[in-house]
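Here is a short, friendly briefing to read alongside the model. It looks at a pocket, a surface patch and a pair of residues.

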Amino acid sequence: MGNIPRFILILFVLLLLILGTGLFPFKTTLALLAGIIIFIVSFMSTEITLYFLIFSMLLSPEIIVASTPAREISLRLEDFLLPLLILGWFARIAVYKDVQLFSKTPYNKPIIVYIFLSIFATGLGYISGRVSILSGSLFILKYIEYFMIFFIVANYVKDEEEIKRLGTAILITSFLISVYAIYQIPSGERVTAPFEGRYGGEPNTLGGYLVLMISITLGLALTLKEGLKRLLLVGLLLLQSVSLLYSLSRSSWLGLIPMYGILFVLSERKRDLLFGGIIALLLLVVLSPAVVSERYSSTFQESPGFERTVRIGRLTFDPSASERITGFKDAIKAWKKKPVLGYGVTGKGFIDGQYFRILVEVGLVGLAVFLWLVYTILKNLWLSFSASSDPYLRGLSLGLIAGTAGILVHSIGANSFIIVRIMEPYWLLVGLVFSAYRLNKYKQSISV
C-alpha cells in the first residue's frame, strides 16, 4: 500500500515535465495529459472509468484516420479509453496482489478458442494473399476489446450495489440515445445514433442496440416492485420503442419477436406483459406513421429498374433484401471452397449477415466455436436468473436472456456480434450478470 502514493507522485511529476518541456505541440500535450489523468483515475477507481466507458460507447465522436470510397476507418473515444483502462487494471494488479488478471469463468475457454481460431485462420489468409494484415488485425483487436470489457467487469465488480449503479448508467445512456433519435424524426430520414461518420449513420446498428436496451428495460420493469422505478422504466421504454420504430430497421423489428416471447415465457407478470403487448399493437396499427408502413410493405415489392431482384417462390424482395440474399448465396458458394477454416477475418470482404460472415471467415469450425460461446452465454444467464432473489439482478438477467435472443435474430441481417455499438454494451452487461451470479454463489456458500 505504501507504493501507491509514490506511484501517483511519479505520474504527477510526468505531468509537470510534459507541461514544462514544451517539446510537444499543444494538442499533443493535452492528449497526453488527458491520457495520464484517465490512467490515474482508472488505477484509483475502476468504477469511475467504467462510467466513462459506458457513456462513450454510444456518445463518443469518431476520428477518421483513413477512408475508401466504400467505407471509412475510424477511431472512437473508447478506442483510447479502453487501453488506458486495461493499463490501469494491470497497474492495480502489480500493486494489489489479491487482484487477478483473469479470474476463472465459464466464458474463458470459448473466448480463448475463438480468438485463437480467428488469428490462425487470418494468418493463413494473409500467407495466401487473401487478407490484408491491417484490416484483419484491426477486426481481431476489436473482438479482443469486447472480451476485455467482460473480463474487466467480471474481475472488478465485487458488490451488488456496483452492478446496480453501472446498470443505471447504461439505462441513462439509452435514454440520451433515444432522445437524440427522436430529435431526428422531423428530418424525415431514418434515425441513427450520434457521431456515426461522414457517410451517414447506420440505422440498423441503432436498431440492434435498442432491441437490447428495450429487453433490459422490460426485464427490470417486470421484476422491480417499486412503483416509481417501474413508471420511469415504462417511460424509457416508450422513448426506446419510438426510436426503434423510426430506425426502420426490419432486422431489429424481427428481433423483437423472440425477445418478447422469451420475456413472456419466463416472466411472472404474464398478464402485464400480454396487456402491454396488445396495447402496443393497437397503437401501432392506429398510429403507425406512413414511413413505417411503407418500409414494412416495401419489403416484398420489386423496384422498377433494379436488375438484381430476388424471387423465392411467389415472394419478391426489394433491392435491400435482394442484395442481402444475393450476398448470402455468394457467401455459401465461397464457403464451399474453404469449408473448414474459411478465408480468414475480412478475407472475403463485407458480408451483411453474422452467420454467413463467420462461416466464410473461420469456416465450420469457427461457427461451431461461436455457437459454443452463445450457448455458454445463455446457459450462465439462465443460471443467474434462476439463482437470483434480488429483483434488480433477476430483471437484468431476464432482460439479457431475451435481449440475446433478439440480437441472434437481428444477426440474420447484420453483423451484430461485431458491431461496436452493440457489442460493447452487450459484453459489459454479460460481465455484470456474471458478477451477480458469482456474488450470489458466494453468499450461499457463506450461509451454509
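**Pocket, patch and pair**

The second largest pocket has 17 lining residues, and those nearest its centre are Thr-168, Leu-171, Lys-229, Leu-232 and Leu-233. This is a predicted model, where local features need pLDDT of at least 70, side-chain atom pairs count only at pLDDT 80 or more, and totals for chains, interfaces and linings use all residues. Residues are numbered from 1 along each chain as its sequence is written, and side-chain values use heavy atoms, with hydrogens and water left out.

**The pocket**
- A pocket here is an open set of points on a 1 Å grid over the protein atoms alone, where a 1.4 Å probe fits, with protein on both sides within 12 Å along at least five of seven lines; lining residues have an atom within 4 Å of a point.
- Its volume, the space filled by probe spheres set on the points, is about 410 Å³.
- Helix 9 (227-247) gives the largest share of the lining, six residues; helix 7 and helix 15 (391-410) each supply at least two. Helices are DSSP runs of H or I, at least four residues, numbered from the N terminus.

**The pair**
- Tyr-183 sits in helix 7 (residues 160-184) and is exposed, with a relative accessible area of 66% (exposed means over 50%, buried under 20%, partly exposed in between, with a 1.4 Å probe and protein chains only).
- The C-alpha atoms of Tyr-183 and Ser-243 are 9.4 Å apart, with their positions 60 residues apart along the chain.

**Helix 6**
- Ile-133 belongs to helix 6 and is partly exposed, at 43% relative accessible area.
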